[in-house]
Every structure is written in C-alpha cells, then in structure tokens.
Amino acid sequence: MIQNPIPWPNGARCACSISFDIDADSLIHIAKPKDSFDRLYPITMGRYDQVAVPRVLETYRRLGLKQSFFIPAWTMNQYPDIVDAILAGGHEIGHHGYIHEDPSEISPQEQRHWFEKALGVHVRMTGRRPRGYRAPVYNATQSTIDLLIEHGFTYDSSLMADDIPYRMKTTGGTLFEVPPHWGSDDWPPFAHFAEIGYMMPVKSPTEGLAASFEEFDAQYEAGGFWMGIWHPFLTGRLARWRVVERWLEHTLSTKNVWFAPLEEIASYVDELEKAGRYQARTDDLLPITPNRSPYDRFISL
C-alpha cells in the first residue's frame with residue numbers, strides 16, 4: 001500500500017521511467033587516474049555504450065517512448081554523437097557530475113567547481129540547463145542538494161526516502177526527489193569491474209533483470225512509481241536488452257502505464273500541487289545539528 005498515491009495522467013495505474021546512466025569509461029579514469037589510459041579492458045568495456053545506446057534508442061523509437069539519460073559532462077565531451085542521438089530522439093539528458101566524481105569524497109568547494117563546469121558543458125551541447133540530477137554512486141550530500149536548489153533544478157534522483165516522488169526541504173528551499181532504489185538498479189546483478197572494487201557474480205539476463213521487473217509488479221499493484229536505473233554497457237548488451245524489449249512490449253500492450261522522462265514526471269507532480277489536486281509528502285533534510293552527525297555526541301562522552 002502507498003499512503004499518498006499520486007493520480008497519474010489519464011488514469012494510468014503506474015508511472016514508469018527507464019533511466020540510463022551513461023558513464024562509459026569515465027569510471028576507470030576517475031578510479032585510476034595515474035594509469036587509466038593504459039587499462040584497455042575497462043576502457044573498451046565502457047566504450048560499449050557506443051554500441052548499446054543506439055540499440056536502446058531504436059527500441060524507444062519503435063515503441064514511441066521518451067526517457068531519461070544521465071551523463072557525466074566528460075563523457076558528453078568524449079562522445080558527442082551519443083548526445084546528439086539522444087537529443088534527436090527527444091529524450092532528457094540529466095546532470096551526472098563532471099567525470100563521475102563522488103560528491104562525498106570531495107570538498108563543497110571542489111563539488112561546486114565540477115558541478116558548475118559540468119553545467120557549462122550541458123548548456124553548450126544541449127542548448128539548455130538540465131532539470132534533473134543524479135549523484136554518482138547516489139552519494140548526494142547536503143552541499144549537493146543546496147547546489148541543485150541554487151541553480152534552479154526541478155528534481156534530484158539520488159535519494160531513497162519514499163516509493164513515489166516527494167519534496168525535500170532544506171534551509172535553501174525545496175526540491176523534488178524522484179527516488180531510485182538498488183532493487184531496480186542493474187549494478188548488483190551485472191557489474192563485474194575489479195578496478196573500481198565491484199566483482200558481482202554475474203547473473204543471466206533473465207535472472208538479473210527479474211528484480212527490476214518484480215519491483216515494477218509491486219509498484220503497479222500499489223498505483224505507484226517504477227524506475228529502472230540501468231547502464232548501457234551492462235543492460236544494453238544484446239541478450240539483456242532482448243529481455244528488456246520483450247518485457248516492454250508485453251507491459252505496454254497489457255498494462256495501464258505512463259512511461260515518461262523523469263523531468264516530465266516531476267513537473268507533472270508539481271503542477272498537480274499548484275492546482276490543489278495533490279500534496280506531496282515533504283521530507284525534512286535539515287541536519288540534526290549544524291555540521292554535526294548524531295555520532296558526534298558519542299565521541300565526546
């Protein structure tokens with residue numbers, strides 16, 4: 001059960017979105033900067049995105065879907081053809097850092113530098129400022145959310161306090177959270193990447209994607225929101241994408257669902273609120289005490 005269900009457009013039972021993080025080989029360059037240029041296996045594994053993204057886009061074109069892609073700005077610069085193809089298909093491109101730097105591993109000053117440098121790349125290559133953001137490794141910090149509010153973002157998609165979109169309240173204002181969850185992320189079943197510390201036991205395409213599809217079944221039954229958080233070089237591989245295509249065809253033909261980009265879903269909930277037809281739950285993101293964690297009180301005892 002969802003206590004505060006959102007009335008989706010045209011009576012849809014569930015709002016759905018597949019979001020792809022197109023990291024490509026940024027992952028190895030941020031993890032092993034001293035010699036990443038000579039680590040050809042992880043570089044080429046990331047470059048499989050050049051094969052997978054056109055495959056994904058062709059499926060979306062055939063099925064009439066518009067979806068969301070989060071891309072580090074470094075990756076956008078390296079692979080402009082991918083950016084152009086996504087934009088030509090009418091899809092959303094969201095902010096995903098500069099070179100997949102972890103916000104929790106750098107200072108607020110460094111985070112601002114790379115965040116705003118990435119914004120410049122988005123404006124230059126897409127002609128607009130992104131509306132949405134996803135933190136690399138989901139590691140958004142208080143400074144991250146403050147930056148998003150300061151720069152007028154519509155939503156974040158990194159944090160996990162609800163099943164459906166909700167508002168986050170900070171000292172700087174409010175921001176919609178469109179929540180992801182590891183249950184619908186393809187990293188646990190498919191990532192096999194020793195250089196960055198992940199050696200998952202790789203599952204078959206059907207078994208690996210089953211978790212995402214079972215998450216969808218639960219959200220559909222509850223009238224909620226489902227989102228895949230996938231990577232082209234993982235789920236975009238031929239056998240896995242064939243499983244996704246068959247699931248999409250079946251779902252679109254037998255279920256009352258609304259597939260949309262995340263910015264459209266966040267904007268829809270915002271408009272519902274403005275019209276007085278819905279009130280999103282607000283999660284107070286204020287620190288318990290300024291610049292302190294709950295653990296600090298035990299250190300001082």
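## Close-up views of pockets, cores and selected residues

**Figure 1. The lining of the second largest pocket comprises eight nonpolar, three polar and three charged residues.** The structure shown here and in the other views is a predicted model. The volume of the second largest pocket is about 230 Å³. Its lining consists of 14 residues, and D163, P180, H181, E215 and Q219 are the closest to the pocket centre. Two elements, α9 (205-222) and β10 (225-230), each supply two or more residues to this lining. The greatest contribution is that of β10, which provides four residues.

**Figure 2. The largest pocket encloses about 410 Å³ of space.** A total of 21 residues line the largest pocket, and those nearest its centre are L27, H100, V137, I196 and Y198. Helix α1 (residues 26-31) provides the largest share of this lining, with three residues. Sorted by class, the lining contains eleven nonpolar, seven charged and three polar residues.

**Figure 3. V137 and Y138 are two non-glycine residues with positive phi, at about 60 degrees for V137 and about 65 degrees for Y138.** V137 belongs to the loop that runs between β4 (132-133) and α7 (142-150), and Y138 is also placed in the loop between β4 and α7. The relative accessible area of V137 is 36%, so this residue is classed as partly exposed. Y138, in contrast, counts as buried because its relative accessibility is 9%, which falls under the 20% cut-off. V137 also appears in the view of the largest pocket, as one of the lining residues nearest the pocket centre.

**Figure 4. The count of cavities of 30 Å³ or more comes to one.** The largest cavity has a volume of about 60 Å³. Its lining is formed by H95, G97, E101, P103, I106, Q111, W114, F115, Y133 and P136. Helix α6 (residues 108-126) supplies three of the lining residues, the largest share. By class, the lining of this cavity has six nonpolar residues, three polar residues and one charged residue. In general terms, empty space is revealed by rolling a probe the size of a water molecule over the atoms.

**Figure 5. The largest nonpolar core contains 51 residues.** Within this core, the residues with the most contacts are F69, I86, W226, W230 and F259. A second core, separate from the largest, has 24 residues, among them W8, A12, I164 and A280. Nonpolar side chains in soluble globular proteins tend to be buried together.

**Figure 6. A12, a member of the second nonpolar core, is located in the segment before β1 (14-21).** The relative accessible area of A12 is 10%, and the residue is therefore classed as buried. A12 and R237 lie 225 residues apart along the chain, and their C-alpha atoms are separated by 30 Å.

**Figure 7. C14 and C16 are two cysteines that do not form a disulfide, since their sulfur atoms are too far apart for a bond.** The closest cysteine sulfur to that of C14 belongs to C16, at 3.9 Å. Conversely, the closest cysteine sulfur to that of C16 belongs to C14, at 3.9 Å. This separation is too far for a bond, because a disulfide requires the two sulfur atoms to be within 2.5 Å. Across the whole structure, the search finds zero disulfides. C14 is buried, with 0% relative accessibility, and C16 is buried as well, with a relative accessible area of 0%.

**Figure 8. The side chain of S158 reaches the backbone nitrogen of A135.** The distance of this approach is 2.8 Å. S158 is part of the loop between β5 (155-156) and β6 (166-170). With a relative accessible area of 1%, S158 is buried.

**Figure 9. E245 is situated in helix α11 (residues 238-254).** E245 counts as partly exposed because its relative accessibility is 22%, and partly exposed residues fall between the cut-offs of 20% and 50%. E245 and W226 are separated by 19 residues in sequence, with a C-alpha to C-alpha distance of 17 Å. W226 is one of the residues with the most contacts inside the largest nonpolar core.

Terms used: Residues are numbered from 1 along each chain as its sequence is written. This is a predicted model: local features need pLDDT of at least 70, side-chain atom pairs count only at pLDDT 80 or more; totals for chains, interfaces and linings use all residues. Side-chain values use heavy atoms; hydrogens and water are left out. On a 1 Å grid over the protein atoms alone, a cavity is a set of points where a 1.4 Å probe fits but cannot get out, and a pocket is an open set with protein on both sides within 12 Å along at least five of seven lines; lining residues have an atom within 4 Å of a point. Grid points are joined across faces, edges and corners, and a volume is the space filled by probe spheres set on the points. Ala, Val, Leu, Ile, Met, Phe, Trp, Tyr, Cys and Pro count as nonpolar, Asp, Glu, Lys and Arg as charged, and the others, Gly among them, as polar. A nonpolar core is a set of buried Ala, Val, Leu, Ile, Met, Phe, Trp, Tyr and Cys residues joined through side-chain atoms within 4.5 Å. Buried means under 20% relative accessible area, exposed over 50%, partly exposed in between (1.4 Å probe, protein chains only). A polar contact is a pair of N or O atoms within 3.5 Å; within protein, one must be able to donate a hydrogen and the other to accept it, and residues adjacent in sequence count only if both atoms are side-chain atoms.
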